[in-house]
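Me: I'm new to this structure and would like to learn how its labels are earned. Could you take my questions one at a time?

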Amino acid sequence: MAHVPFIIPIFLLTTIVLSAAATATAAVAVSPASSPRSAPPQFRSPPSPSSPLDPKQVLALHSLNIPTSKNPCTSPATVCDASSPYSHLVSLSIANCSDDVALSVTALKSLSTLKSLAFINCPVSPIRFPPELTSNLRSFTCINSLVKLTGVWLSRLQNVTELTVAGVSVNASGPSIILGGMNLLRSVTLSRCELGGSVPRHWHPNLTFIDLSNNRLEGKIPSAVTRLESLVHLNLSANSLNDSIPNTIGDLISLQNLSLASNTLSGPIPDSLAALPELTHLDLGSNQLDGTIPNFLKDMKKLRHLNLEKNNFHGVLPFNSSYIRNLEFFKVGGNSNLCYNRTILGPKVKLGIYPCDKHGKPILPPASKDSSSDDSVDDDYSNLEQPKRHSGPSKVVLGVAIGLSSIVLLIVFLVCLSKCCR
């Protein structure tokens, strides 16, 4: 029986340690984490036609080093029609080409039934498409492909409704040379193409998508762009556009995405922007815009992405914390004369701007303070959700502390007990 006092504390000690570990584990489980990734969408390939593929087109695929199985129409890179006695390709994607791939007129002529053609990561030299293929194409995509591409070469694709060229240096005096004769165009992307010149002044009225970002376009935004009532997406960011945002921007009644960032635009945000009820994405960052931030922005219920950083805005920020929380992305830092109301947003909110004094002017930190005072202008607003973020780790610390305290008390108790038993 002399060993019983020592068996009992060992059992109790093990129980306490396991309890503390369970508490810590539960606390970690409660802490917020990134939302679980959803399973990738499952895409169904189009039903394979009953007829075999035209033998000439099979040879053309072989010449392009595209693997052909028993039925080439089952490949993810192809879509075929259901004609007979042979089916024909209507869509083809040529991706990740090897160095020995070369385009030939014979192969492309055999593929003249194509309505959609895509080159992705295929830095091969372009050749002139046969007229049959050019007239039949409705969609053309070129991403990081076709070296030494020219505007004249692209301009021959006059029947396309969708044109996507990205990550390709295009030798042209401007987008107008490429787009001038494309009267059926509904969607155009000419991004990272090193294009100079200006934004075209003539557009097809049925356009729904325009992306001319990351080029060298100059001049002002033409009012002709704002007459495209079906336009949903307009991205002119990362160019050298100047002057002001057109007052007629509010005429784009279908617009959902407006990106004009990283230009040299000046003047205020036009009041007509309030007439865009479907707008979800507004990026005006890194310009020279001035004036006050308009109140109507907080009434745009569908807005989820708002970037106004690095401009010359002044006055009091008109937003409250609930509005900011409702945004998925919000940037307003880098406006030295802009400030926020501490009564509305709290004294320690981090937005990249300083709080206002009673006159609506930014309260600058004392000159004697070191750089740590810059915490008040940190470029995010994550502190609005800080209580949720730190709830998990605090429970871990609490669980460990309780476990350690219990162990200390147990040791003291055992020492006292052993003295009493002597």
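Me: What makes Cys 193 a cysteine without a disulfide bond?
Reply: This is a predicted model, and in it the closest cysteine sulfur to that of Cys 193 belongs to Cys 142, at 8.2 Å. A disulfide needs the two sulfur atoms within 2.5 Å, so 8.2 Å is too far for a bond.

Me: And how do you know what holds for Cys 142, looking from its side?
Reply: The closest cysteine sulfur to Cys 142 is in Cys 193, 8.2 Å away, and that is again too far for a bond.

Me: Why is Cys 193 called buried?
Reply: Its relative accessible area is 0%. Buried means under 20%, so Cys 193 earns the word. Cys 142 has a value of 0% too, and is therefore buried.

Me: What makes Cys 97 and Cys 122 a disulfide?
Reply: Their sulfur atoms are 1.9 Å apart. The cut-off is within 2.5 Å, so the pair counts. The angle about the S-S bond is 80 degrees, and the link is right-handed. This pair links distant parts of the chain, 25 residues apart: Cys 97 sits in the loop between E2 and helix H3, Cys 122 in the loop between strand E3 and helix H4.

Me: Why is Cys 97 called buried, with its relative accessible area of 16%?
Reply: The limit is under 20%, and 16% meets it, so Cys 97 is buried. Cys 122, at 0%, is buried as well.

Me: How do you know which other cysteines are joined?
Reply: A search of the whole structure finds three disulfides. One of them joins Cys 73 to Cys 80, with 2.0 Å from S to S; at -95 degrees, this link is left-handed. Another joins Cys 339 to Cys 356, also with an S to S distance of 2.0 Å. Cys 339 lies in strand E20 and Cys 356 in the loop between strand E21 and helix H9, so this disulfide ties together parts 17 residues apart in sequence. Counting bonded cysteines along the chain, the pattern is 1-2, 3-4, 5-6.

Me: What makes Leu 163 stand out in the largest nonpolar core?
Reply: That core has 93 residues, and Leu 163 is among those with the most contacts inside it, along with Phe 140 and Leu 317. Strand E2 gives the most to this core, with three residues. Beyond four places in sequence, the residues that Leu 163 touches include Phe 140, Ile 178, Met 182 and Val 188.

Notes:
Residues numbered from 1 in each chain as written. Predicted model: local features only at pLDDT ≥ 70, side-chain atom pairs only at ≥ 80, totals over all residues. Heavy atoms only, no water. Core = buried A, V, L, I, M, F, W, Y, C linked by side-chain atoms within 4.5 Å. Buried < 20%, exposed > 50% of the residue type's maximum accessible area, 1.4 Å probe, protein only. Helix = DSSP H or I, 4+ residues; strand = E, 2+ residues; numbered from the N terminus. Contact = heavy atoms within 4.5 Å.
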